[in-house]
Amino acid sequence: MGMAVNSITNPGRSGVYDWMIQRVSAYVLALYTIFLLGFMLTTDVNYEAWAGLFSQTWFRIFSLGTLIALGGHAWVGLWTVSTDYIKATLPRFLFQAVCGTVMFVYVVWGIQILWGL
């Protein structure tokens, strides 16, 4: 029998789920970066061009998906680093709580910026 890979980030799922979050979110982040680089290289970037891009619903959705992907990518990465390097339970918990709170605030703030809420 093979060994099961367990995930502490989500006890009900395997470590493969965390691995998939990292890979899929990395692709989303890469696509967004490539798109923005292409936009900046092919467009005279000024306020009107930037506002025009962000006024389009498809780009807001793409940006929101990227923001969520960034949060998931950061959470799995920081959880992994913290469990590898912070062995004491309380400091690790506090580090993870601060990271989770900051990511939550950034996602909510990003939604407010993107959708003007």
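Here a biologist and a modeller talk through the helix packing in this predicted model.

Biologist: Let's start with α1 and α3. Why is α1 called oblique to α3?

Modeller: The axes of α1 (residues 15-42) and α3 (residues 57-85) cross at roughly 140°. Roughly antiparallel would need an angle over 145, and roughly perpendicular runs from 65 to 115. The crossing fits neither range, so α1 counts as oblique to α3. Their axes come within 8 Å, and α1 passes α3 in a left-handed crossing.

Biologist: Which residues make the contact?

Modeller: On the α1 side they include Ile-21, Ser-25, Val-28, Leu-29, Tyr-32 and Leu-36. From α3 you get, among them, Phe-59, Phe-62, Gly-65, Thr-66, Ala-69 and Val-76. By class, that contact has 14 nonpolar, 8 polar and 1 charged residues.

Biologist: Thr-66 caught my eye. What makes Thr-66 count as buried?

Modeller: Its relative accessibility is 7%. Buried means under 20%, so Thr-66 qualifies.

Biologist: And what does Thr-66 touch, not counting residues up to four places away in sequence?

Modeller: Val-28, Leu-29 and Tyr-32. Thr-66 itself lies in helix α3, and those three residues are listed on the α1 side of the helix contact.

Biologist: Now α2. How do α1 and α2 pack?

Modeller: At an angle of about 145°, with their axes 12 Å apart. Here α1 passes α2 in a right-handed crossing. The α1 residues in the contact are Tyr-32, Phe-35, Leu-36, Phe-39 and Met-40, while α2 brings Ala-49, Trp-50, Leu-53 and Phe-54.

Biologist: What makes that contact nonpolar, going by class?

Modeller: The tally is 9 nonpolar, no polar and no charged residues. Ala, Leu, Met, Phe, Trp and Tyr are among the types that count as nonpolar, so each residue in the α1 and α2 list fits that class.

Biologist: Which residues form the largest nonpolar core?

Modeller: Tyr-32, Leu-36, Phe-39, Ala-49, Leu-53 and Phe-59, which is 6 residues. The elements giving two or more residues to this core are α1 and α2 (47-54). The largest share, 3 residues, comes from α1.

Biologist: How do you know that those core residues are buried and joined?

Modeller: Membership is the clue: a nonpolar core is a set of buried residues of the nonpolar kinds, joined through side-chain atoms within 4.5 Å. Tyr-32 is in that set, so Tyr-32 is buried.

Biologist: What is Ala-49 in contact with, leaving aside its neighbours within four places in sequence?

Modeller: Phe-39, Thr-43 and Asp-44. Of these, Phe-39 is also listed in the core alongside Ala-49.

How values were computed
Residues are numbered from 1 along each chain as its sequence is written. This is a predicted model: local features need pLDDT of at least 70, side-chain atom pairs count only at pLDDT 80 or more; totals for chains, interfaces and linings use all residues. Side-chain values use heavy atoms; hydrogens and water are left out. Axes are lines fitted to C-alpha atoms, for helices over the stretch in contact, and angles run from 0 to 180 degrees between N-to-C directions. Helices (H or I, at least four residues) and strands (E, at least two) are DSSP runs, numbered from the N terminus. Angles under 35 degrees count as roughly parallel, over 145 as roughly antiparallel, 65 to 115 as roughly perpendicular and the rest as oblique. A crossing is left-handed if the near helix is turned anticlockwise from the far one by less than a right angle, and right-handed if clockwise. Contact means heavy atoms within 4.5 Å. Buried means under 20% relative accessible area, exposed over 50%, partly exposed in between (1.4 Å probe, protein chains only).
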